[in-house]
Amino acid sequence: MPPDVDPGGLEVTAGYRAGRDSGTFSYAAHAALVAVDAETGLIDILDYVVVEDGGTLVNPMIVDGQIRGGTAQGIGTCLYEASPFDAQGQPLASTMLDYLLPRASDVPNIRVLHMETPSSHTEFGMKGIGEGGAVGPPAAIVSAVNDALCRVGAQVHDLPLTPARILAAIESAAASRRQRPVEA
């Protein structure tokens, strides 16, 4: 290399700021079909669909991966992950054996469909896409579970939707039915 060339290499710094600096956000709809086992409280996700509008997609494969990965994270939030503490404030999930995460077998084949409404605030019409997949699953899964449980008059609202919480909701609904006076 010539003596006036820095052996550390070249360095370039550039930035881009969209005309509208408040962000460009994608939006999505999540839908889940579940089966709830009334004997065990286990939830099986039978089908999962995400329709996402990320504007102009530069690399659809990467976008699909972000959506699927985020959705798997949201499934974990809804069904598994909890950080419980005892009465003295000591963590009860102090190792990964206690803190449950979804396994590959717990995540269904997530179907991803795209709408492409270009943003008028970015040069090529792209929108932010990174976090959208993680937000929708808790609402979609809780809604699907409550739809399944409505047949026995039960509802759940607290996350994670553990088998114990499902069974408690079913038992509470059954006890409520037993306490109702019978009309003659």
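This is a short walk through a predicted model, one selection at a time.

**Stop 1: the sheet.** Start by selecting residues 27-36, which are β1, then add β2 at 43-53 and β3 at 110-115. Together the three strands form an open sheet in the order β1-β2-β3, with mixed pairing. β1 and β3 are the edge strands, each pairing on one side only. On average, neighbouring strands here are turned by 15° against each other, direction ignored.

**Stop 2: the two pairings.** Zoom in on β1 and β2: they run antiparallel and share 10 bridges. For a landmark, pick A32 and look across to its bridge partner in β2, Y48. Now slide over to the other side of β2. With β3 the pairing is parallel, over six bridges. Here, click E52 and find H114, its bridge partner in β3. As background, strands of a sheet pair through backbone hydrogen bonds, either parallel or antiparallel.

**Stop 3: helix α1.** Select 60-79 and keep β2 and β3 on screen: β2, α1 and β3 make a right-handed β-α-β unit. The helix has 20 residues and spans 28 Å from first C-alpha to last, close to the 28 Å expected at 1.5 Å a residue. Colour its buried residues, among them V63, I67, I75 and L79. What sits over them? The cover includes β1, β2, β3 and α2.

**Stop 4: helix α2.** Next, select 132-149. This helix lies across β1 and β2, at about 40° to β1. Stay on α2 and click N146. Is this residue buried or exposed? N146 counts as buried because its relative accessible area is 16%, and the cut-off is under 20%. Setting aside residues up to four places away in sequence, N146 touches A154, Q155, V156 and H157.

**Stop 5: the core.** Finish inside. The largest nonpolar core has 27 residues, and those with the most contacts within it are L79, I141, V145, L161 and I166. Two or more residues each come from β2, α1, β3, α2 and α3, the last of these at 163-179. Which element gives the most to this core? That would be α2, with six residues. In soluble globular proteins, nonpolar side chains tend to be buried together.

For a last close-up, show L79 as sticks, back at the buried residues of α1. Beyond its neighbours within four places in sequence, L79 is in contact with I43, I45, I141, P160 and L161.

Methods
Residues numbered from 1 in each chain as written. Predicted model: local features only at pLDDT ≥ 70, side-chain atom pairs only at ≥ 80, totals over all residues. Heavy atoms only, no water. Pairing = 2+ DSSP bridges. Helix = DSSP H or I, 4+ residues; strand = E, 2+ residues; numbered from the N terminus. Right-handed = clockwise from strand over helix to strand, strands pointing away. Buried < 20%, exposed > 50% of the residue type's maximum accessible area, 1.4 Å probe, protein only. Contact = heavy atoms within 4.5 Å. Axes fitted to C-alpha atoms, helices over the stretch in contact; angles between N-to-C directions. Expected span 1.5 Å × (residues − 1). Core = buried A, V, L, I, M, F, W, Y, C linked by side-chain atoms within 4.5 Å.
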